[in-house]
Amino acid sequence: MPIIEVRSEITGNVWKIVAAVGDRVEEEAAIVILESMKMEIPVTAPESGVITEICVTEGSTCSEGAVVARLQV
Amino acid sequence: MIRRLLVANRGEIACRVMRSARLLGMSTVAVHSEVDATALHVALADQAVAIGAAPATESYLVAARVLAAAVDSGADAVHPGYGFLAENAAFARAVEAAGLRWVGPTPKSIDDMGDKARARIIARAAGVPVLPGSDRFSPADPAVTSATIEAAAAATGFPLLVKAAAGGGGIGMRRVDDPAGLAAAIESTQTMAARAFGDGTVYLERFVPKARHVEVQVFGFGDGRAVHLYERDCSIQRRFQKVIEESPAPGLAQATRTAMCEAATALAREQAYRGAGTVEFVVDADSGEFFFLEMNTRIQVEHPVTEMRTGVDLVAWQLLLAGGDPLPVAGQDDVRAQGHAIEARLYAERPAKGFLPSTGTLSVFELPATGAALLDGLPDGLRIDAGVRAGDTISHWYDPMIAKVIAHGATRDAAIDRLRAALAAIRIEGVETNLVFLQRTLDHPAFRGGDVFTGFIDAHKAVLLAR
């Protein structure tokens, strides 16, 4: 079972982590919600899978391209 | 007369307010967060006060720090710009309680218009049309008969929406186009609402299938007198934010235009409104009917459209009124508009990626030449209100808007052509922007033909967002 990286497409502040390690998420489901330029922007699962790691903490800054979570697909 | 003005904002609006303040002989005080210490608005001010960390909730939104900065710097007035604390009635009260002048409407107006239900009641009392709707009714109420529902539907008008009172965000509504479909839609909405929200209460509201967003700029003298400065069409929107604004509103009947301006002025008079405000309407693009949406009790982002068309410096009017100085206007006859003005908002964003924001450092930021002064070159002028310069960083902490480009021309086509040429001459590197998207919008035959509505970008996305 391969593990893929879920990366952020934008730079923002981690506002909410909405999924946890062990959760099964469907493709397009939000894992983390970032706050950037007054907008709430979800980082979503590129495919369905099970979350093996959340790599950010609420309140921290997340750069464009940074790994937000890892997913077993 | 205001002598020293604290501008409680950042970016282009802080820079723009300072320009008018300086023209009136005032000294200016900027406030800034840690990441904004070298920002353009700080460089333009006579003095600057650091008010906290990068998140707005720890700096620009902390009323006590902004007020302390004003008092400590010896300012005798506070201009809030738009956003941040501009529509915070408690902050306005605190400024006035500290003995400073608040450059904005009374805290009561901010409160009244901020409460959407109260605003509707006041608008109706002023004779302003509001979106027709029914009272709430419940399936369990024995007083509700098919006759009362039919009467409510007839009063609301078709097409209408049956909406679940407990719903929201587009969930729990049914569209009904004629009386024949009414009973079934009400029954299914009630059933669905009872199941989804535990509450089957519903109400009826007029549905505007093809809506335009048109607003009227007003200015109240604070004594019951008020003038309007004509309308702006702001129908081109993405993520519920405006992208292009223009005046006059294309293709709107003169009678509609006049009625909207008069209704907006009546709402300002009703409150003895003080200063600049904007009354927003939804316009049915097919029927031309208009309905009150809300009133914004601040200077708007798009106010330069009105300034370019009327030659009025709205911020100067705000500052003169707040300082107790005579205004260069006595009544409606003193307000004249000419030609056409149009504004495009330049955002740091990626249109093809759902308008996601883009951050980075502006390694290149070159703008075409404009008149030296705010309202220079009218008519047929070009104006650019920017909040950044080359070398600045666009961070994720604040709004993605980096500049506004505003053009005036004798006709709509002339104004669009001038704006189009100005956008083509802008060079930006270091962040992605909506520059190409803006030019495609201006070039689109439907836009050129004046067929603007709030669903415009979505309807034409194949062309506007092509890679």
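**Exercise 1. Determine which residues B:Leu465 touches, leaving out residues up to four places away in sequence.**

Solution. Two residues are in contact if their C-beta atoms, placed from the backbone, lie within 7 Å. With residues up to four places away in sequence set aside, B:Leu465 touches B:Pro351 and B:Ala352. The model is a predicted one, in which local features need pLDDT of at least 70 and side-chain atom pairs count only at pLDDT 80 or more, while totals for chains, interfaces and linings use all residues. Residues are numbered from 1 along each chain as its sequence is written, and chains are lettered from A and ligands numbered from 1 in the order in which they are written.

**Exercise 2. Locate B:Leu465 in chain B and classify B:Leu465 by exposure.**

Solution. Step one is the position: B:Leu465 lies in the segment after helix H16 (461–464) of chain B. Helices (H or I, at least four residues) and strands (E, at least two) are DSSP runs, numbered from the N terminus. Step two is the class. A residue is buried if 20 or more other C-beta atoms lie within 10 Å of its own, exposed if 12 or fewer, and partly exposed in between, with C-beta atoms placed from the backbone. B:Leu465 has 18 C-beta neighbours inside 10 Å and therefore counts as partly exposed. Step three is a distance: B:Leu465 and B:Ser20 are separated by 445 residues in sequence and by 37 Å in space, C-alpha to C-alpha.

**Exercise 3. Carry out the classification for B:Gly391.**

Solution. B:Gly391 sits in the loop between strand E19 (382–386) and strand E20 (393–394) of chain B. Because B:Gly391 has 12 C-beta neighbours inside 10 Å, it counts as exposed. From B:Gly391 to B:Phe365 there are 26 residues in sequence and 8.0 Å in space, C-alpha to C-alpha.

**Exercise 4. Describe how H12(B) and H13(B) are oriented and which residues meet between them.**

Solution. First, the geometry: helix H12 (residues 412–425) and helix H13 (residues 435–443) of chain B pack at an angle of about 160 degrees, with their axes 10 Å apart. Axes are lines fitted to C-alpha atoms, for helices over the stretch in contact, and angles run from 0 to 180 degrees between N-to-C directions. Angles under 35 degrees count as roughly parallel, over 145 as roughly antiparallel, 65 to 115 as roughly perpendicular and the rest as oblique. H12(B) and H13(B) are therefore roughly antiparallel.

Next, the residues: B:Ile416, B:Leu419, B:Arg420, B:Leu423 and B:Ala424 of H12(B) meet B:Leu435, B:Leu438, B:Gln439 and B:Leu442 of H13(B). By class, this contact has 7 nonpolar, 1 polar and 1 charged residues. Ala, Val, Leu, Ile, Met, Phe, Trp, Tyr, Cys and Pro count as nonpolar, Asp, Glu, Lys and Arg as charged, and the others, Gly among them, as polar.

**Exercise 5. State the secondary structure and compactness of chain B, and the residues at its contact with chain A.**

Solution. Chain B has 16 helices and 22 strands. Its radius of gyration (taken over C-alpha atoms) is compared with the globule rule, 2.2 Å times the number of residues to the power 0.38. The value for chain B is 23 Å, close to the 23 Å that the rule gives for 467 residues, so chain B is as compact as a globular protein of that length. Of these 467 residues, 47% count as buried. The contact takes 8 residues from chain B and 10 residues from chain A. On the chain B side there are 4 nonpolar, 2 polar and 2 charged residues.
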